[in-house]
Amino acid sequence: MLKYFLTNENREKNRDLFRELKIYKEKEFYHQGKYPVIHLSFKDIKETNWENCYNKVKYIIQNLFDTYE
């Protein structure tokens, strides 16, 4: 649910998912889908030293930047 609340892709379609819920009637719901949010997970970073880990994180962030540029 958080993914659909926070993402600004398919905003109107996602709003419909909340139409019957209490949150839909709250004034804060105005913010739903207004701001881009990225998902960053470190679960696949299994490096054996700090330098490789750091480089992998930079690579992931660069790919996210390229995707949402």
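The exercises below, each with a worked solution, go through the fold, the surface and some single residues of this predicted model.

Residues are numbered from 1 along each chain as its sequence is written, and side-chain values use heavy atoms, with hydrogens and water left out. Because the model is predicted, local features need pLDDT of at least 70 and side-chain atom pairs count only at pLDDT 80 or more, while totals for chains, interfaces and linings use all residues.

**Exercise 1. Describe the elements of the protein and how far the chain spreads.**

Step one is to list the elements, where helices (H or I, at least four residues) and strands (E, at least two) are DSSP runs numbered from the N terminus. The protein has three helices and zero strands, and from the N terminus on the order reads α-α-α. Step two is to look at the spread: the radius of gyration is 17 Å, well over the 11 Å that the globule rule gives for 69 residues, so the protein is more spread out than a compact globule. Here the radius is taken over C-alpha atoms, and the globule rule is 2.2 Å times the number of residues to the power 0.38. Step three gives the dimensions, since the C-alpha atoms fill a box of roughly 50 × 25 × 15 Å along the principal axes.

**Exercise 2. Work out how much of the protein is buried and what its surface and charges look like.**

Begin with the term itself: buried means under 20% relative accessible area, exposed over 50%, and partly exposed in between, with a 1.4 Å probe and protein chains only. By this rule, 17% of the 69 residues count as buried. Next comes the accessible surface (Shrake-Rupley method, 1.4 Å probe), which is about 6200 Å², with 56% of it belonging to carbon and sulfur atoms. For the charges, Lys and Arg count as positive and Asp and Glu as negative, whereas His and the chain ends are not counted; each charge is placed at NZ of Lys, CZ of Arg, CG of Asp or CD of Glu. The mean positions of the 13 positive and 11 negative charges are then 6 Å apart.

**Exercise 3. Find how many aromatic pairs the structure holds, and follow the pair of phenylalanine 5 and phenylalanine 29.**

First, rings of Phe, Tyr and Trp (its six-membered ring) pair if their centres lie within 6.5 Å, and planes under 30 degrees apart count as stacked, over 60 as edge-to-face and the rest as tilted. The structure holds five such pairs. In the chosen pair, the ring centres of phenylalanine 5 and phenylalanine 29 are 5.8 Å apart and the planes stand at 55 degrees, so the pair is tilted. Phenylalanine 5 lies in helix 1 (residues 2-6) and phenylalanine 29 in the loop between helix 2 (11-18) and helix 3 (50-68), so the pair ties together parts that are 24 residues apart in sequence. Both are buried, phenylalanine 5 with a relative accessible area of 18% and phenylalanine 29 with 2%. Finally, Phe5, Phe18, Tyr24 and Phe29 form one aromatic cluster.

**Exercise 4. State which residues leucine 40 and cysteine 53 touch.**

Contact means heavy atoms within 4.5 Å. Leucine 40, found in the loop between helix 2 and helix 3, is partly exposed at 32% relative accessibility. Not counting residues up to four places away in sequence, leucine 40 touches Ile60, Ile61 and Leu64. Cysteine 53, in turn, is placed in helix 3 and is partly exposed at 21%. With its neighbours within four places in sequence left aside, cysteine 53 is in contact with Ile45 and Glu47.

**Exercise 5. Compare the settings of asparagine 10 and glutamate 9.**

Start with the location: asparagine 10 is in the loop between helix 1 and helix 2, and glutamate 9 lies in the loop between helix 1 and helix 2 as well. Then turn to accessibility, where asparagine 10 counts as exposed at 52% and glutamate 9 as partly exposed at 46%. The backbone of asparagine 10 has a phi near 55 degrees, a positive value in a residue other than glycine. As a last step, consider what surrounds glutamate 9, which is in contact with Asn14 and Tyr68 when neighbours within four places in sequence are left aside. The C-alpha atoms of glutamate 9 and glycine 33 are separated by 7.4 Å, although these residues are 24 residues apart along the chain.
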